[in-house]
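Work through the exercises below with the sequence and the coordinates at hand. Each task is followed by a solution in steps.

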Amino acid sequence: MPLLPIITLPDEKTLRQVSKPVSMVDSNVKRRWDDMLETMYHAPGIGLAAIQIGVPERLLVLDLSKDGEPKTPLFVANPEITWESAAQSDYEEGCLSIPDYYEMVTRPAEIKLRYLDRQGEPQEIHATGLLATCLQHEIDHLNGILFIDHISRLKRERVLKKFQKAQKLGKL
Ligand code: ZN
């Protein structure tokens, strides 16, 4: 399984794409998930969307297990949020596509999610806490949305400029 390069800012052309549903969970999808998971573990990160490796398909991998604990990978295809709580929660978010930048983001504290699992079976889960936040962050990626879209415009423009400048200076 190859490790894949992760697309980062300032490549908004890729990261702003809206990803397409997969027609079924076949061996290609499973191979993609495996590559994404290896790439995410190596980064290291707790969630990765396919568009972050340049593939506009509605596929995610997540793993919220802590260091030293057994791995608990979650494979998600074609996710749909069917309910979100009125209650909100704040988490300091980061993103493998926006390295070394963290900011508080407010999102619904709980969601219900429908998706296809690794066997291609439909699942519905009620996610809370960090899992709810992480799923919303990753599903945003499938819609071309980045977590910096949830913060103030001033802060967002400052981050975008920082990455554009770094690219110009050949530091990316
Ligand atoms: Zn992200």
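**Exercise 1.** Decide whether His137 is buried or exposed, and do the same for His141.

Solution. Step 1: apply the cut-offs, where buried means under 20% relative accessible area, exposed over 50%, and partly exposed in between, with a 1.4 Å probe and protein chains only. Step 2: His137 has 8% relative accessibility, so His137 is buried. Step 3: His141 has 1% and therefore also counts as buried.

The model is predicted: local features need pLDDT of at least 70, side-chain atom pairs count only at pLDDT 80 or more, and totals for chains, interfaces and linings use all residues. Residues are numbered from 1 along each chain as its sequence is written, and side-chain values use heavy atoms, with hydrogens and water left out.

**Exercise 2.** Identify the protein donors of the zinc ion and give their spacing along the chain.

Solution. Step 1: take as donors the N, O and S atoms within 2.8 Å of the metal (3.2 Å for Na, K and Ca); water is not among the atoms, so sites may look incomplete. Step 2: this gives SG of Cys95 and the NE2 atoms of His137 and His141, at 2.1 to 2.2 Å from the zinc ion. Step 3: written along the chain, the spacing is C-x41-H-x3-H. Step 4: both histidines, His137 and His141, belong to helix α3 (residues 129-142) and are four residues apart, about one turn of the helix. Helices (H or I, at least four residues) and strands (E, at least two) are DSSP runs numbered from the N terminus.

**Exercise 3.** List what His141 is in contact with, leaving aside neighbours within four places in sequence.

Solution. Step 1: count heavy atoms within 4.5 Å as contact. Step 2: the partners of His141 are Leu15, Gln17, Ala49, Ile51, Gln52, Cys95 and Leu146. Step 3: Cys95, in this list, is also a donor of the zinc ion.

**Exercise 4.** Find how many aromatic pairs the whole structure has, and classify the pair of Trp33 and Phe75.

Solution. Step 1: rings of Phe, Tyr and Trp (its six-membered ring) pair if their centres lie within 6.5 Å; planes under 30 degrees apart are stacked, over 60 edge-to-face, and the rest tilted. Step 2: the search finds two pairs. Step 3: for Trp33 and Phe75 the centres are 5.5 Å apart and the planes at 50 degrees, so this pair is tilted. Step 4: Trp33 lies in helix α2 (residues 27-42) and Phe75 in strand β3 (residues 74-84), 42 residues apart. Step 5: Trp33, at 0% relative accessibility, is buried, as is Phe75 at 13%.
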